[in-house]
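Here's a quick briefing to read alongside the model. Have the viewer open and follow the topics in order.

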Amino acid sequence: MKVLVVEDEKRIAGFIRKGLEEHGFVVECSGDGDEAYQLVTTQQYDAIVLDIMLPGRDGLSILQNLRKQANSVPVLLLTARSELDERVEGLNLGADDYMTKPFFVEELVARLHALARRVSGERLSILQAGDLTVNLLTREVKVGNTPVRLTVREFNILEYLTRSPGRVLTRTQILEHVWGYDFDIGTNLIDVHVQRLRKKLGPDAATFIETVRGVGYRFVKQ
Ligand code: CA
């Protein structure tokens, strides 16, 4: 899951980033309302954690404009205990949830997962290809009945591929989605991870995680 955290208090933003990354999220942070608005209208996120009081455009105005443009990205507002009116206004403007500061990051993680589940609604949470089973909610992977332990990156690559069966995903797309940034693609970072992933998934893995020469990878559903 790729999440944008909009929070101008560096300490809080850092704590959220660390907590979410430990739970396998890809996190981008912005401490400025105008920059954040620019990001949410040009980039794809699975959820936005949005503080209300910000330099530049405030959180409620960002939310209001997103919804006006029929952008339904899940938004979780961060509010101070005293901001009751803002909280109510936020929910009326189309926020999906809110949390009052201070909070435990575990609770934020649970709520983001719940939001993602609600949004993905009818989307399949369990994907299968041959002997492989990927549970996108519990992040459990099995080959036959044997559980496979993947690193966060390996799982995120597998998840990204399995969510778009048949589609060729370029190395750049995988980098952006799984690492959350784009850099000189001369490195073979992705290939190394995919090789490791295939090795863990067993001898059939190269048939369902197909290499598309010179481009990237494709998940082939069997
Ligand atoms: Ca603030």
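Let's start with a helix pair: α2 makes a right-handed crossing as it passes α3. Keep in mind that this is a predicted model.

**Helix pair**
- The helices in play are α2, covering residues 33-42, and α3, covering residues 59-68, and their axes come within 10 Å of each other.
- The axes cross at roughly 20°, and an angle under 35 degrees counts as roughly parallel, so that's the label α2 and α3 get.
- On the α2 side, the residues that meet α3 are Gly-33, Ala-36, Tyr-37, Val-40 and Thr-41.
- On the α3 side, you'll find Ile-62, Asn-65 and Leu-66.
- Sorted by class, this contact between α2 and α3 has 5 nonpolar and 3 polar residues, with no charged ones.

**Calcium site**
- Three protein residues give donors to the calcium ion: Asp-8 and Asp-51 through OD, and Met-53 through O.
- These donors lie 2.2 to 2.3 Å from the ion.
- Along the sequence, the donor residues of the calcium ion follow the spacing D-x42-D-x1-M.
- Asp-51 has a relative accessible area of 3%, and since the cut-off for buried is under 20%, Asp-51 is buried.
- Met-53, on the other hand, comes in at 55%, and over 50% means exposed.

**Glu-159**
- Glu-159 sits in helix α6, which covers residues 152-163.
- With a relative accessibility of 11%, Glu-159 counts as buried.
- Leaving aside residues up to four places away in sequence, Glu-159 touches Leu-136 and Arg-139.

Conventions: Residues numbered from 1 in each chain as written. Predicted model: local features only at pLDDT ≥ 70, side-chain atom pairs only at ≥ 80, totals over all residues. Heavy atoms only, no water. Donors = N, O, S within 2.8 Å, 3.2 Å for Na, K, Ca; no water. Buried < 20%, exposed > 50% of the residue type's maximum accessible area, 1.4 Å probe, protein only. Axes fitted to C-alpha atoms, helices over the stretch in contact; angles between N-to-C directions. Helix = DSSP H or I, 4+ residues; strand = E, 2+ residues; numbered from the N terminus. Parallel < 35°, antiparallel > 145°, perpendicular 65-115°, else oblique. Left-handed = near helix turned anticlockwise from the far one by under 90°. Contact = heavy atoms within 4.5 Å. Nonpolar A, V, L, I, M, F, W, Y, C, P; charged D, E, K, R; others polar.
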